[in-house]
Amino acid sequence: MLDAFYQTHKYLVEHVDFPVRRLLMDEIDWRDRLIGIKGSRGCGKTSFLLQYAKEHFGGSRECLYINFNNLYFTEHTLVEFADEFVRSGGRTLLIDQTFKMPNWSEQLMKCYYLYTDLHIVFSASPVMRLVEDNKDIGEIVTMYNLRGFSFREYLNLQAGTSFPPMRLEDIIEDHHSLAKIVCEKVHPLWYFADYLQHGYYPFSLENHYYMENLLKVMNMMLEVDVLLIKQIDVGYLQKIRTLLHIFMEEAPCSINVSSLAARMDTSRATAMNYIKYLKDARLLNLLYTEDKQFPMKPQKVYLQNTNLIYSNPHRQVSQQIVAETFFYNALHALYKVNASGRGAMFRIDGRYYFDVLDRVPNKQPIRYTAVGGCENTDSDFFIPLWLFGFLY
């Protein structure tokens, strides 16, 4: 039985072609016995698992990639499979499409306690509430987030560079020197506009029409990550699609929940739940002040990344909107981003107040300001927008 799985594993590992080594690969403590990799659809979770297998195990049969799409798992449990795998000398099991296994969390826990020499790494949809809904598995699993390409990762790929990530504190305190180091090797603005339009999702590397692929991925997020995993009746899909379309047209925007509910012909509570589902699927970002959180109304709703803005061919794209969306997405990866109560657009980690502008203004800034359209600046407070794409 295992031979068929090993043949598939061998083929996939040999043919995985992922020219960008993700930073997360070095951040994970691979000694942990149960590791979950959360990431939105299209961010490269499958390639990440296969890349790990290729780097750490080569052709060794101690590691095996499996996908719960395999019909074998309609009649067999993960525990049955793991038992045979371990008895055959297996040590590391990489599991994809985890949510398709009934009672997957229970199965993972049984494997963890039955086979103490077995390491399991599994992919997870961002809408799966692993720790929140199951405290028992929350005590044994270590969760990580795999995000779309940062601008740094995209630039390294396209320009053949190898720039390391930067800390926010260093960008704030020494952005002149950091920008100069980058600009001495490459012109970041030559690549930045392309990244904003079609560089966030790794499938941009495929030789296909990117926007068509992105639309397919967005629909899969709605149909699988929201409806299937959240167990929502398919009859409500059109209402959720309507809500997403509204934000595709208007975000970033403040919201009137009663008005949204009326447009979808649903209740206020349901409208807010749908907004949360879209946020969990990583289609939206919700901006709150520090003293508020869901289920309260957010101060502003953003699309999760700038590629989503450009996927709407009927929208007149404002560079100011693009700049704000990029900044939020880049900072949100590692830092807490809130709306500010002091007139600034954003408050980061409760420490830094930031504005975002699509170009350098004529007047002097009164706070830190991320500015587009420039590779470097002479001001201590004006920081090139693209530089925040180097945080991971």
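Ala, Val, Leu, Ile, Met, Phe, Trp, Tyr, Cys and Pro count as nonpolar here, Asp, Glu, Lys and Arg as charged, and the others, Gly among them, as polar. This is a predicted model, in which local features need pLDDT of at least 70 and side-chain atom pairs count only at pLDDT 80 or more, while totals for chains, interfaces and linings use all residues. Residues are numbered from 1 along each chain as its sequence is written, and side-chain values use heavy atoms, with hydrogens and water left out.

**View 1. The cavity and its lining.** Let's start with the one cavity of 30 Å³ or more, a set of points on a 1 Å grid over the protein atoms alone where a 1.4 Å probe fits but cannot get out. Its volume, the space filled by probe spheres set on points joined across faces, edges and corners, is about 30 Å³. Tyr-195, Tyr-200, Asn-305, Thr-306, Phe-326 and Asn-329 line this cavity, each with an atom within 4 Å of a point. The lining divides into three nonpolar, three polar and no charged residues.

**View 2. An open sheet of five strands.** The strands (DSSP runs of E, at least two residues, numbered from the N terminus) follow the order 8-9-10-11-12 with mixed pairing, where a pair needs at least two DSSP bridges. Strand 8 (337-339) and strand 12 (382-384) are the edges, each pairing on one side only.

**View 3. Strands 11 and 12 together.** Strand 11 (residues 368-371) pairs with strand 12 in the parallel sense over three bridges. Look here for Thr-369, whose bridge partner in strand 12 is Phe-382.

Methods:
Helix = DSSP H or I, 4+ residues; strand = E, 2+ residues; numbered from the N terminus. 1 Å grid on protein atoms, 1.4 Å probe; cavity = no way out; pocket = protein on both sides within 12 Å on 5 of 7 lines; lining within 4 Å.
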